[in-house]
Amino acid sequence: MGELVQFTNIIKNLSSNENEIRSLAENEYNSIEIKEKINLLIQFSIKNDTESQPRDMCCVLLRRIFSKELIQYWDCTDIPTRQDLKSKMLLMLNYALSQNQLYTKICDTVCEFVRFLIEIHQDGDKDWIPFLDIICTNATSPNETTCLTCLYIINDVPSMLDETIGGMQDMVITIFDKNLCNSNVLDILYMCCRALCSFVMYNLSESEEYDKFYKYLPYIFEVHKQTVGKDDIDLIKSIIEIAEHCPKYFINHIQPIIELSLTILDDPHVDEEWRSLSLELIITTCESSSAACRKQEDLITKFVDSLLKIMTELDDDQKEWLESEEDEDSCDDGLPSTAEAALDRLSICIGGKLVVNAFFRQLEMLVTQENWKFRYTAMMAISSIGEGGCKEMEPYLGDLVQACGYLAKDKHPRVRYATCNAIGQMSSDFSPVFQKTYHFEIVNIICNMLSDPVNRVRAHAASALVNFCDECLKRVFIPYMSKIIDALQNVMNDTMSDFTISNKKLVLEHTVTALAAIADTTESAFLPYYDTFMPGLKAIVRHCAEKDFGIFRGKTIECISLIGVAVGKEKFMGDCEDVVNLLLDTQKAQQDQNIQFDNVEHSYMVSAWARMCKIMGKDFSKYLHIVMPPLMLAAKFSPEVRYCDKEERKEVEKNDDWEVIPVTDSKSLAVRTSGLEEKESAFSMLICYAQELKENFCEYVEPTLSLMLTHLDFQLDDSCRTLASEAIPHLITCIKEGSNEEKMRHVWSTLVVDIVIKALLNERESEVCTEMLENLSTCIEMIGEPALNEEQLQNLIKFIIAKLEDHHKLQLKRSEKRNDEYYDDIVEEQLMEEDEDSLFLLHRCNDLIGTLLDIYKDKYQIVEQLLSVICKMNTPSNPYADRNWALNVFCSIIKSLGKESVRYQRFFLPPIKEYICHSDQDLRQSACYSIGLMAEYGEGAYDDYIKESVPILINLCRETSRTDYNYWLAKENAVSSLAKIMKFTNDFRNSSELLKMWFEWMPITEDEDEAVFVYGFMCDLIESGNPFFKDNENIVKSIHHFSDALFADCIEEDSETYSRIKRLITDIYNNDALRLQYIDNLSEQRKDTLMNFLNIQN
């Protein structure tokens, strides 16, 4: 008893307001041995005369022990001690059941202990059964408190209702029947609904055996309805979780869910939190059961109307908004911004048709309302629904641009701000069509708004310009450069003094970002403006010495480095030393100010150093000793990871720097994600240095390679694994060029290959796996035949076969979805996207097959091991895309085996003959391409079939009624194949008739791979003096074709074909007579294209 009295004083003092007393109590408490501590806490918690606050404190402390320390204590105690603890916890449970009120803290402690027993149970032992028996026996008690206590515990630990226990489901149904169907006590109904939701979430989410529990749904909705507006919001949160994770449980009750939620959402007298949660319930239901929700057209239309109305519920006070130096529209926090985000989510999950139609019915009313909030809502809604409704909105872009032009002159600044937002978002959502079609209108709107009297609007106009520029073709943007640059220069002149005198940076900061985007897009065309802006940009960096301006300083450094890359080394070198010194000063300032590498400013610095490397090339090597230490520190960053319970999770979720991953019903894994983005950036920069510096990076290859190899299985971030994989080919190249091929092969075989293949075999994310395959293929191609031993080769072949089998299984699942009652066009689009993602991985497998066939002598072993699965992909019942993949593999076989591939022709000639006339243009394209490969690599082995195919290819090229993109790709492959037939086969080498027809089907501008060959063949004909080009008209046409190809940017600048075209056109241009005859009479577009081409090259 004396111990308990002394312990009582310790517990009371732990809550003391006086630091000294509390600290002394903490020391005394911590000195107590854990077994005694547990016993005292239990005794004190169930002592009848204990006051509520000390009892709650004891429960919290006991629960903390169970959560954090019990596992170590349990492992080192004997069975009798464990049984004694279980007995005492049963006493605590019975104590809670015998009280006349619900003691939640005691219940929480019991729950934590039961959870512990569940998590550690082994060999079929279920030590929590005695607790379960008591709960199940008392859960139907007529005593309200007893019943509430049991339901509370079921809700908190649904895993205790283990369905492997005999008769458990019947017992569960009895509990829910008694408390839902036969009770009229709201508290019991409420707690029972929460318990039911937890049970469904934990025990039925995977099995989806909901049949016996559908009958309770009306009770859940009725209780939810009765408790609207009350302080306790746990039930609606549970309903939202069910909607997200167990959507099939609600699938037949979507209409009442949305109707009830809309009633709450539309009631302005209901508390905002309740309205927000009701909105979330609707949008979550739409996201998880999108096909079923699309059938509720009227309700979705009403929901859109509700969202638009809520978006108008803005504060009238504009003073804070006008004075803010932040670009985010901070005054619309709360329900209006939640509704705006929900509109975006809705258009993505439901599809654009319903949402766009509902919005356009309201658009005219919104735009013409006198109240500015409606006009603001119209523009913000356009921003929100563009991504999901892209296809449906595209026909109305002209009308939307016209509305933007009208509202860009609106009297209210927030409407003008929203207009900038709409333009910026449409520039991203509808690119490049938006830029190609409406460049004139948009540039005028933006330039006018850059002179707006309100700084927030000017800044946002600059942001819109960034979006417009990022997705704009260089040739579309350049005609407006002078006008845009003049507008930005005026802005900088106006705002530079505000910044240097009063430190107002909002407009200037966005102007700098816009300049960076323009330089990145226009590249060398920025040269005339370099001297105008560079001095001012360097001055901004010098002025941003204080820590408060770190991000602005980083953005300005980014701008300087992007301009340097755009104008090139020759122009930039005059400022290079000055800029390097600025970077060094900034890096030193970051160290002095203790700015951590996970700060965003650090990532700007890292990227800027990498661009300096691109500009300076190998001259940058002398700075590596400065930039590499902080870069490696960022690259080695290891995020903080810890387990947390339910209470800790609530606190962690409030912090944006953390991501929470549920592990069990009570435990979660918390990962501190701040720093991961900077880690990714550091990886990218290491790749850049290796790629640019090659042998000059050798000193750092070993630690960098070691780092990358260890991150191939870095499970906390997909991008890090992808980048680690991408780095390896570049690092191998550094070794090759810095040492020799022998060392390269040694490092590959002893340090790299096994780790790379193991990571590939274990990778579960399709996108990461795809990148790993591509990088592995690059390495194998670089190393050559010794790259793999027999075991490694067989592992890769098995991997390819396994991926093909996985793809087949996914196809079967997609077929099942096509038979679902809620299948529709949008579901089909989603299934097609899934199929494309799956096939993208298989295309990388195809690349790997091609690489293996190219470098290994025993090609037939590889082909014959894969032949059966390749042919399986080509079966008539498979989707066209699968058959196309198989045909592409056969193309790799033809290319690698050459004339020896005829031994497999019985497998691929029949499908080629079928597909060359197929209605699916992708199949047709691949068939045309394969015929060209037979001509190029077959050495005459396929001449008979080629002769048979030529008339079919000619007919394809003659089709004039088709205009779709895929047809043009098929036609261009047919044109290319005919060029290969004329170049490589004896029967058609001197066919003037075929050449004449072929020339009429030019130009080709879409398929870049084939364009290089076709225009190279045209150069062959011209350079060899082919009689066809003695005709001046054909020379003129060839120049037309060359200019069209250059205008379409379909020939790589570093290709031999590009250089040959340059020589031919230069020779003509330098000859006055020829220039007059062939160039001066060209259309302005073609002439401009050729002049730019020659100027760039000269």
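How many helices and how many strands are there in the protein? There are 55 helices and 3 strands. Keep in mind that this is a predicted model.

Let's start with overall dimensions. The chain has 1098 residues, and for that number a compact globule would have a radius of gyration near 31 Å. The protein has 35 Å, so the value agrees with the globule rule. The C-alpha trace spans about 115 × 75 × 65 Å along its principal axes.

Next, burial and contacts. Of the 1098 residues, 55% are buried. Now take the contacts with a separation of 6 or more. Residues 24 or more positions apart account for 73% of them.

On to the surface and the charges. About 49000 Å² is exposed by the protein. Carbon and sulfur atoms supply 46% of that area. Negative side chains number 183, against 109 positive ones. The centres of the two sets lie 2 Å apart.

Now the interior. In soluble globular proteins, nonpolar side chains tend to be buried together. Here, the largest nonpolar core holds 294 residues. Which of its residues touch the most other members? They are Leu346, Phe526, Phe620, Tyr689, Phe697 and Trp998. Helix 43, residues 825-855, gives this core its largest share, 11 residues. Apart from this core lies another one, of 100 residues. Its members include Cys59, Tyr190, Ile220 and Ile264.

Take Phe697 from the larger list. Leaving out residues up to four places away in sequence, Phe697 touches Leu624, Met628, Leu686, Tyr689, Ala690, Thr704, Leu731 and Cys734. Tyr689 is itself on that list of core residues touching the most other members.

Stay in this stretch of the chain. Helix 37 covers residues 676-693, and Ser681 sits in it. Is Ser681 buried or exposed? Its relative accessible area is 15%, so Ser681 counts as buried, the cut-off being under 20%. Beyond four places in sequence, Ser681 touches Ser603, Val606 and Ser607.

Lys694 comes in the loop between helix 37 and helix 38, the latter running over 701-710. What is notable about its backbone? Lys694 has a positive phi of about 50 degrees, and it is not a glycine. Most residues other than glycine have a negative phi, and most peptide bonds are trans. Lys694 is partly exposed, at a relative accessible area of 25%.

There is another positive phi to show. Glu939 has a phi near 50 degrees and is likewise not a glycine. Where is Glu939 found? In the loop between helix 47 and helix 48. Glu939 counts as exposed, because its relative accessibility of 62% is over 50%.

Gly940 lies in that loop too, between helix 47 (921-937) and helix 48 (943-958). At 39% relative accessibility, Gly940 is partly exposed. Look across to Asp987, which is 47 residues apart from Gly940 along the chain. Their C-alpha atoms are separated by 9.8 Å.

Now the cis peptide bonds. One joins Ser431 and Pro432, with omega about -10 degrees. Pro432 lies in the loop between helix 25 (413-429) and helix 26 (433-449). Another cis bond joins Met1002 and Pro1003. Its omega is about 0 degrees. Pro1003 is found in the loop between helix 50 (992-1000) and helix 51 (1008-1023).

Two buried helix residues to finish. First up is Ile310, in helix 18, residues 297-311. Ile310 has a relative accessible area of 1%, so it is buried. What does Ile310 touch beyond four places in sequence? Leu265, Arg275, Leu335, Pro336 and Ala339. Glu340 is 30 residues from Ile310 along the chain. The two C-alpha atoms are separated by 8.6 Å.

Then Thr511, in helix 30, residues 506-522. Thr511 is buried, with a relative accessible area of 0%. Which residues is Thr511 in contact with, leaving aside neighbours within four places in sequence? They are Ala462, Leu488, Val491 and Met492.

Notes
Residues numbered from 1 in each chain as written. Predicted model: local features only at pLDDT ≥ 70, side-chain atom pairs only at ≥ 80, totals over all residues. Heavy atoms only, no water. Helix = DSSP H or I, 4+ residues; strand = E, 2+ residues; numbered from the N terminus. Buried < 20%, exposed > 50% of the residue type's maximum accessible area, 1.4 Å probe, protein only. Contact = heavy atoms within 4.5 Å. Core = buried A, V, L, I, M, F, W, Y, C linked by side-chain atoms within 4.5 Å. Rg over C-alpha atoms; globule rule 2.2 N^0.38 Å. Areas by Shrake-Rupley, 256 points an atom, 1.4 Å probe, with all protein chains shown as cover. Lys, Arg positive; Asp, Glu negative; His and termini not counted. Charge placed at Lys NZ, Arg CZ, Asp CG, Glu CD.
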